[in-house]
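Grab a pencil and work through these exercises with the structure open beside you. Each one sets a task and then solves it step by step.

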Amino acid sequence: MSAQVQGRSAEPTETQVFARDSTGLVREVGPVSSAIYNLSYSSAPLSIALMLSLAPAAYLGGNMFLATLFTLLLALPTAFVFAMFTTAIPRSGGDYTWISRSISPMLGFASNFSFMVWAVFIIGVYGTLVPSSALAPLFRFIAAEFNAPGALKVSKFLTEQAGTLIVGTLLVVGGSAVLIFSRGVRSYIRVQNIFFGVWAFCLLMLVPVIMLLTSKGSFAGHFDSYVKALGGPAHAAHTVTASGIPHPGFSLKESILLVTIPYYALGFIYQSAYLAGETKRGSKGVLMAMPGAQIISAVFFCLLIAAFLTSPGRSFLAGLSINLGHYGLEPAPQYPELAAIASGSTVIGLIIMLANVLFYVIWVPLSIIMISRSIFAWSFDRLIPEKASAVNSRTHSPVNAVLMIAVVCIGAVVLVALEPSLGALVVLLGQTLTFVCVGLAAMVFPYRQAAVFAASPFNRRIGGLPVISVVGGLSAACMIAMMIILLEDPNSGTAWSTNPGRVITCGIIFGGGLIIYQAIRIFQRMRGVDIDLAYREIPPE
Amino acid sequence: MFKAADLLAQGRTAVAEASDRGLALRMMGGIGILARCPSAESAPLARDYNDLDFFGLSRDSAALIKMFKELGYTAENRFNSLHGHRRLLFKADDDQHVDVLLDHFEMCHKLDLRARLEIDAETLTLADLAITKLQVVEANDKDLTDTVALFADHDVSEDAEVIDSGYIAKICANDWGLHKTLTNSLERMSQYVATLEGISHDTVAARLKKMAEQIDAAPKSRRWKMRARVGERAKWYELPEEV
C-alpha cells in the first residue's frame, strides 16, 4: 500500500511522507460486512435444518460432526482461492472476471453463466421456502401459543402451492424494490447486518443454550403440549421417537455422502467476491470474510448439532421426517420451531421464530445483488447491452439489471412451486463445476497475468511454485471430489444413478454458456465490435 | 504530469460550464488550492499535478456525467456504475483523470459538504480545502506543500473569507477522530514548515498554532467525550485505497 518515501525537506525531519498518486476511495463494504454477507449467503439455517432432519433419517450411520469436518477440509482451499483472487483482481463478477482474464473469456462466461443460472434457481427455491419454512412455522407457533385457529389456517395456506407462489413472488418483488430504491449497496448492507445480528444471537446463541439446558423429558412435555394445542394426538413425542430409525452404528461411507448437506452452507461462503469492486481490499479482511467465515460457520454447525443431539436426541430427529401425519404436524418442524417449543416461553419462542424469518427475508436481495454484479461485468465487457448496467439517475441503483433478475427469479419461483422435488441441493453440482474452473484459473493465473499476480498481496511462492497455483490445484481437486460425492449421494438430487437428467442439465447449462459466448462474439464482430479487446485489461472499479 | 496552468484553466472551464447549467460544482484538491493560493505557483510550494478534483452534489450526477462528456472527457462507466452515487470518474485523452466527489468527502474521515458549496463560487471554501488536506493520516508530499500554501496565503480567523477556524473547531468538537487527526496533522505541519526555505515560517507557524488552539478550545460534544474515553485503542480513521 503506502510506501514511505523521502520528503522534499531541505534537512532531515521526522515528518513521515507517504506515496499516493490519486485521491483515495473508501469502499463501501468493510470486512465484517463482507463476512456477514458471506455467512448470510451461505444458507446456514437451511443447511442446518436439512442436516438435523435428513442426516438421522437418510444417512444412516453418518456422523454429522465428521461430515462437517470433511466438508470444511474440502471447501477451505476454494475459500482461500476466492480470497486470493478477490485481492488480486478486485472486480465485479468474481469467477467470470478471474477465469476470463486467466484462462479464456469463453470459459469465464460459461462458468459464470452456469453459476448465475443456478443462483437464480436457488432464489426460486428460497422464494418457496420463506412461506413454508419461515412464515408457516411462525403462524403455527402463534396458533399453538394463542389458541388461534385462524393462524393455523394461514400456516397451512403458506405450505400449499398457492401460498408458496404468492409469497415467493411477493418476496422477489419486495427484495427487488428494496434494491431499486436504496442508494448504493451500503444502505442494504446496514439492514443486512442488523437482521443478521438478531438472527445470529437468537439462532446461533440462544437456540443452542436452550437445547443444551432442556432435558429430553422436559422437551417431550413441551412438544406434547404444543401438538395437543394444535389439535394433534397425545404423547406425540413418544410417537415421533418410536417411529425413528435405530442408529445402525458409524458408517464412513454415509459420513462422506453426508458432506452434501453441510457443503450447501460451507461451500458457498465467499460470494462477497462478486461485489469486490465495492468491498475493502485488505488481505486480512478478505481472509476473515471468506476462510474465516467458513471456519466460524463450521463451529456453529457443530455447536447446533451437539445441542440437538443432546435434546431432543437423534431418534426424535430421525422420527420427525417419517410418518408426518402420525403426530399431527405437517410439515415437520425444523430446528427453530423445536427450539421455540423447547423454550417453554411464548415470548422467547416468538423471538426465535421472528429471527428465523428475518434471515430468510434478507437472503433474496443479497442474492440479487450478487447476480447483478455479474450482469454488470458482462455488460462492461460488451457481452450484453450497456443498458443492462445502467443506473437510475436519482437513486443510482441498477434498475435494469435488478428488473431482469426479478423477472427470471419469479419464473424460478413458479417452477419450484409447481415442482417441489426440485429442492435446494439440486444447485450444488452445477455451481461446483464453476468452482473447479476457478481452481484451474488460480493454477495458471500467475503465468497468464504475471504483472497482476506480482502486484497482489498473495504473491508468495513455495519451492518456486506460486502459492495461489498450489492452492488452486488443491481446490480444483477437492471440488472434483465434491462433484463425485454429489453424483454418488442419492439424496443430493443430482445422483447419476437416480437423476441422470439433472446431471445432463448441468452440462447443458454450462455448454449453453459456451455457445452463447461464441454467438455474442460473432454477433459483435459483425457489428464491428471486437469484444476480445476488453479481456486484455482490468479497468478501474 | 500536466501543466498546472492548463489544469487550472480546465477546472475553471468546468466550474463555469456547470454554473451555466445550474449545477453546483467546485474545484478542490491540488488545483482547487492552486486557484486560491498564489504561493502554490512558485518554489518551494509549486508541484506537479496529475488530476483534477471537483466536488458536486449527487442530485446532479447524471447532468454532470453529460456535461463532462460534452467537455471531451470519457466517463469511466465501470467505476461510475458502482460508485456513481458518491463519486464520478472521468478520463481525458491524455490519461489525465477527473474525480468528482459527491455530497460527502470521504477519505480518512467523512465530511458532509452539501451545505458548503454555496459559500464560495469557484472552489470549496478555504476551511474545507484545509480540512480535506489535514484529515489525511498518511500525508504525501503534495498534501504537505498544498497545506503550507493555504496557511502561507490565508489568515486563520472565525471568518468565511479566510480559513474559518470557528467552523473547523466546531466540526472537530463533535468528532473525536477528526479532532485527533487534525491536531496531529497541524503538529506535523509545524515540523514540516520549519524545513522549507523561501517561505515565511513565522507566519505559517503562527497560523497553524492559532488553528490548533481554537480546535482545542472549542467546547466538546457528549459524543466527542464518549469517544475520547476509548482513545487510540480503537482506530479513528480509514485508510482509503487508490483508484
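**Exercise 1: A salt bridge in chain A**

Task: Find which side chains D532(A) and R521(A) use to meet, and say where each residue sits and how buried or exposed each is.

Solution. Step 1: the side chains of D532(A) and R521(A) come together in a salt bridge, 2.7 Å from N to O (a salt bridge is a side-chain nitrogen of Lys or Arg within 4 Å of a carboxyl oxygen of Asp or Glu).
Step 2: D532(A) is in the segment after α21 (500–526) of chain A and R521(A) is in helix α21 itself, so to speak distant parts of the chain, 11 residues apart.Step 3: with a relative accessible area of 18%, D532(A) is buried, whereas R521(A), at 23%, counts as partly exposed (buried means under 20% relative accessible area, exposed over 50%, partly exposed in between, with a 1.4 Å probe and protein chains only).

A word on the ground rules: this is a predicted model, where local features need pLDDT of at least 70, side-chain atom pairs count only at pLDDT 80 or more, and totals for chains, interfaces and linings use all residues. Residues are numbered from 1 along each chain as its sequence is written, chains are lettered from A and ligands numbered from 1 in the order in which they are written, and side-chain values use heavy atoms, with hydrogens and water left out.

Helices (H or I, at least four residues) and strands (E, at least two) are DSSP runs, numbered from the N terminus.

**Exercise 2: Another pair in chain A**

Task: Work out which parts of chain A are tied together by R373(A) and E278(A).

Solution. Step 1: R373(A) and E278(A) form a salt bridge, and their closest N and O atoms are 2.6 Å apart.
Step 2: R373(A) belongs to helix α16 of chain A and E278(A) to the loop between α12 (260–266) and α13 (283–310), so the pair ties together parts that are 95 residues apart in sequence.
Step 3: check the burial. R373(A) is buried at 7%, and E278(A) is buried at 1%.

**Exercise 3: Where the chains meet**

Task: Describe the contact between chain A and chain B, starting with how many residues each chain gives.

Solution. Step 1: count the residues. Chain A gives 45 residues and chain B gives 45 residues (contact means heavy atoms within 4.5 Å).
Step 2: look at the area. The two chains bury about 4200 Å² between them, with 49% of it on carbon and sulfur atoms (buried area is the accessible area, 1.4 Å probe, that two parts lose on being put together, summed over both).
Step 3: turn to the charged pairs. There are five salt bridges between chain A and chain B. In one of them, E238(B) pairs with K280(A), with the closest N and O atoms 2.9 Å apart.
Step 4: ask which elements of chain A take part. Those that give two or more residues to the side touching chain B are β2 (17–18), β3 (24–25), α8 (184–213) and α16 (346–380) of chain A. Of these, α16(A) gives the most, with three residues.
Step 5: sort by class. The side of chain A that touches chain B has 12 nonpolar, 16 polar and 17 charged residues (Ala, Val, Leu, Ile, Met, Phe, Trp, Tyr, Cys and Pro count as nonpolar, Asp, Glu, Lys and Arg as charged, and the others, Gly among them, as polar).

**Exercise 4: Strands across the chains**

Task: Find what stands opposite L25(A) in β10(B).

Solution. Step 1: β3(A) pairs with strand β10 (residues 241–242) of chain B in the antiparallel sense, over two bridges (two strands pair if DSSP finds at least two bridges between them).
Step 2: the residue opposite L25(A) is E241(B).
Step 3: follow E241(B) a little further. Its side chain also meets that of R27(A) in a salt bridge (2.6 Å, N to O). R27(A) lies in the loop between β3 and α1 (31–41) of chain A and E241(B) in strand β10 of chain B, so the pair joins two chains. Both R27(A) and E241(B) are buried.

**Exercise 5: A sheet in chain B**

Task: Say in which order the five strands of the open sheet in chain B come.

Solution. Step 1: the order is β1-β2-β5-β4-β3, with mixed pairing.
Step 2: the edge strands are β1 and β3 (74–75) of chain B, each pairing on one side only.
Step 3: zoom in on β1(B). Four bridges join β1(B) to strand β2 (residues 51–56) of chain B, and the two run antiparallel. In β2(B), G56(B) is the bridge partner of L25(B), while F54(B) stands opposite M27(B).
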